[in-house]
Amino acid sequence: MKEAEKIKLLQEQLKRISALPFYENRFQAGGINPEDIRSLEDFQKIPLMDTKDLQKDLEEHPPLSSLFHPDTIRVTLSPGPKGLMPVYHSRQDVEEVNKELAAMYRACGVGPEDIAAITFGYHLFIAGITIHGGFETLGCKTIPLGPGESERTAEILNRFKVTVLASNPSFALKLAQEGVRSIRLLFAGGEPFSSVEGYKEKLRQAFGPIGLIDSYGLGQSTPVARECKEERGLHVADNLIFLEIVEPETGKVLPHGERGEVVITHLRRQGSPLLRFRTGDLSVMEHIDCPCGRKATLTKGVLGRTDEMHKVKGVKLYPSQIDHLLRPLPDYTPGKYRVIISPKPGGGDLFQLIVEGKYPGPSATEKIVERMKETLLIKPDKVEFVEKLPEGPKVMDERYK
Ligand SMILES: [Zn+2]
């Protein structure tokens with residue numbers, strides 16, 4: 001989308017939402033006049049918001065919050081600081097998301113002849129019902145399976161020769177092990193996927209040469225970004241969303257290619273509209289030339305959460321990235337690692353990594369260390385493999401004791 005077009009959509013949305021008490025108050029407090037926002041530079045002066053702000057609005061405007069829209073036809077819930085918070089979707093919101101998802105699925109080669117099945121949850125949360133709407137809009141025969149019960153799910157997939165599956169990748173793998181073979185396209189989400197090295201290969205070994213489409217959405221807003229059939233990273237759903245990457249500590253917008261926190265703004269949404277909303281998710285945005293025509297792309301998927309950041313040797317370390325890098329090891333159980341940061345005798349930080357599982361040999365260990373240096377810009381001083389990791393946190397920071 002061209003910048004002028006983006007600005008126009010943002011201006012229109014600002015005008016619409018400035019009538020809501022939540023935004024009216026924020027604009028007043030921040031000295032913002034929506035009519036003065038004429039460029040992306042102006043836009044970046046608008047203060048960021050997060051779930052705590054939504055929680056406060058809910059408490060100040062009970063029971064619905066001030067972000068309720070009178071044309072709401074769907075209410076989903078999303079975890080907040082003090083419990084589940086409502087997310088409102090007007091008829092127009094639902095139709096626009098349906099249209100966007102149907103276009104994305106069509107671009108991946110899905111058609112009305114396909115039989116689709118969804119194993120994401122349908123109750124309370126946004127995922128299952130939203131994806132379902134996209135497939136139905138496209139005209140697929142769509143089966144609402146919901147999560148769990150892999151044996152029964154496999155039986156249904158085989159009986160109806162389901163060709164398109166929307167599922168989290170770990171459950172899809174389980175279904176392959178249950179003997180499901182008719183799938184030609186998997187729409188994955190809900191878990192780290194394309195950011196985990198070797199994960200897609202693992203699924204192709206199980207299912208054969210299928211299309212594997214990673215996606216990223218939030219409890220407050222789905223879709224945010226999704227791969228196309230080229231599988232070159234997750235294209236931002238920029239008909240619906242304006243996405244920025246900011247420095248987590250300062251909130252400053254980062255240039256393309258730099259790792260930071262994903263911040264989203266709805267371009268058209270009526271119910272629960274978000275303006276410069278901090279997601280807490282880390283990613284990298286680049287503009288690429290994809291044959292599908294989309295440019296703004298999260299090339300590395302979602303890399304972790306901002307709230308797990310530790311500063312080691314002057315570099316920001318996000319532990320879940322370590323988990324992603326360890327996953328190609330054959331004997332590794334996800335999450336079974338520990339980072340120990342301690343003061344180095346003579347000054348500086350000592351960074352040790354302990355992994356549960358069999359020692360994979362010197363060359364595999366060296367490869368992991370090299371990949372860490374490349375991706376995290378920091379490598380451990382020592383890597384150790386143990387048979388059983390004792391109970392305890394993933395990160396032990398012994399520097400400030
Ligand atoms: Zn593409």
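**View 1. In this predicted model, helices α7 and α8 are roughly perpendicular to each other, because their packing angle of about 70° falls in the range from 65 to 115 degrees.** Helix α7 covers residues 150–159, and helix α8 covers residues 169–177. Their axes are 9 Å apart, and the crossing is right-handed. To find the contact, look on α7 for Ser150, Thr153, Ala154 and Leu157, and on α8 for Phe171, Lys174 and Leu175. Sorted by class, these contact residues come to four nonpolar, two polar and one charged.

**View 2. Helix α8 also packs against helix α9, with axes that come within 9 Å and cross at roughly 25°.** That angle is under 35 degrees, so α8 counts as roughly parallel to α9. Helix α9 is made of residues 199–207. Here the crossing is left-handed. On the α8 side, the contact uses Pro169, Ser170, Ala172, Leu173 and Ala176. Facing them from α9 are Tyr199, Lys202, Leu203, Ala206 and Phe207. The classes in this contact are eight nonpolar, one polar and one charged.

**View 3. Helices α10 and α11 pack at an angle of about 140°.** The two helices are therefore oblique to each other. Helix α10 spans residues 319–326, while α11 spans residues 362–376. The two axes lie 10 Å apart, and α10 passes α11 in a right-handed crossing. From α10, the residues to look for are Gln321, Ile322, Leu325 and Leu326. Their partners on α11 are Ile368, Arg371, Met372, Thr375 and Leu376. By class, this contact has six nonpolar, two polar and one charged residues.

**View 4. The largest pocket of the model has a volume of about 1,100 Å³.** Its lining is made of 47 residues. If you want a place to start, Tyr216, Gly217, Leu218, Gly219 and Asp281 are the ones nearest the pocket's centre. Several elements give two or more residues to this lining, among them the helices α4, α6 (127–138) and α10. Strands are on that list as well, including β1 (72–80), β6 (185–188) and β7 (211–216). Strand β12 (277–287) gives the most to the lining of the largest pocket, with five residues. The lining divides into 19 nonpolar, 19 polar and nine charged residues. Helix α10, shown in the previous view, is thus one of the elements to follow from one picture to the next.

**View 5. The second largest pocket has a volume of about 490 Å³.** This pocket is lined by 24 residues. Lys6, Phe242, His256, Met285 and His287 lie nearest its centre. Helix α1 (3–17), strand β10 (241–246) and strand β12 each supply at least two residues of the lining. The biggest share comes from β10, which gives five residues. You may recall β12 from the largest pocket, where that strand also lines the wall. In the second largest pocket, the lining residues are twelve nonpolar, five polar and seven charged.

**View 6. The largest cavity has a volume of about 150 Å³.** How many cavities of 30 Å³ or more are there? The count comes to four. Around the largest cavity you will find Leu54, Asp57, Leu58, Ser65, Leu67 and Ser78. The lining also includes Met85, Pro86, Val87, Gln220, Ser272 and Leu274. Two elements, α4 (51–60) and β2 (83–90), give two or more residues to this lining. By class, the lining has seven nonpolar, four polar and one charged residues.

**View 7. The second largest cavity has a volume of about 100 Å³.** Its lining residues include Asp93, Glu96, Val97, Ser221, Thr222 and Pro223. Leu240, His266, Arg268 and Arg269 also belong to the lining. Which helix gives the most to this lining? It is helix α5, residues 91–107, with three residues. The lining of the second largest cavity has three nonpolar, three polar and four charged residues.

Notes. Residues are numbered from 1 along each chain as its sequence is written. This is a predicted model: local features need pLDDT of at least 70, side-chain atom pairs count only at pLDDT 80 or more; totals for chains, interfaces and linings use all residues. Side-chain values use heavy atoms; hydrogens and water are left out. On a 1 Å grid over the protein atoms alone, a cavity is a set of points where a 1.4 Å probe fits but cannot get out, and a pocket is an open set with protein on both sides within 12 Å along at least five of seven lines; lining residues have an atom within 4 Å of a point. Grid points are joined across faces, edges and corners, and a volume is the space filled by probe spheres set on the points. Helices (H or I, at least four residues) and strands (E, at least two) are DSSP runs, numbered from the N terminus. Ala, Val, Leu, Ile, Met, Phe, Trp, Tyr, Cys and Pro count as nonpolar, Asp, Glu, Lys and Arg as charged, and the others, Gly among them, as polar. Axes are lines fitted to C-alpha atoms, for helices over the stretch in contact, and angles run from 0 to 180 degrees between N-to-C directions. Angles under 35 degrees count as roughly parallel, over 145 as roughly antiparallel, 65 to 115 as roughly perpendicular and the rest as oblique. A crossing is left-handed if the near helix is turned anticlockwise from the far one by less than a right angle, and right-handed if clockwise. Contact means heavy atoms within 4.5 Å.
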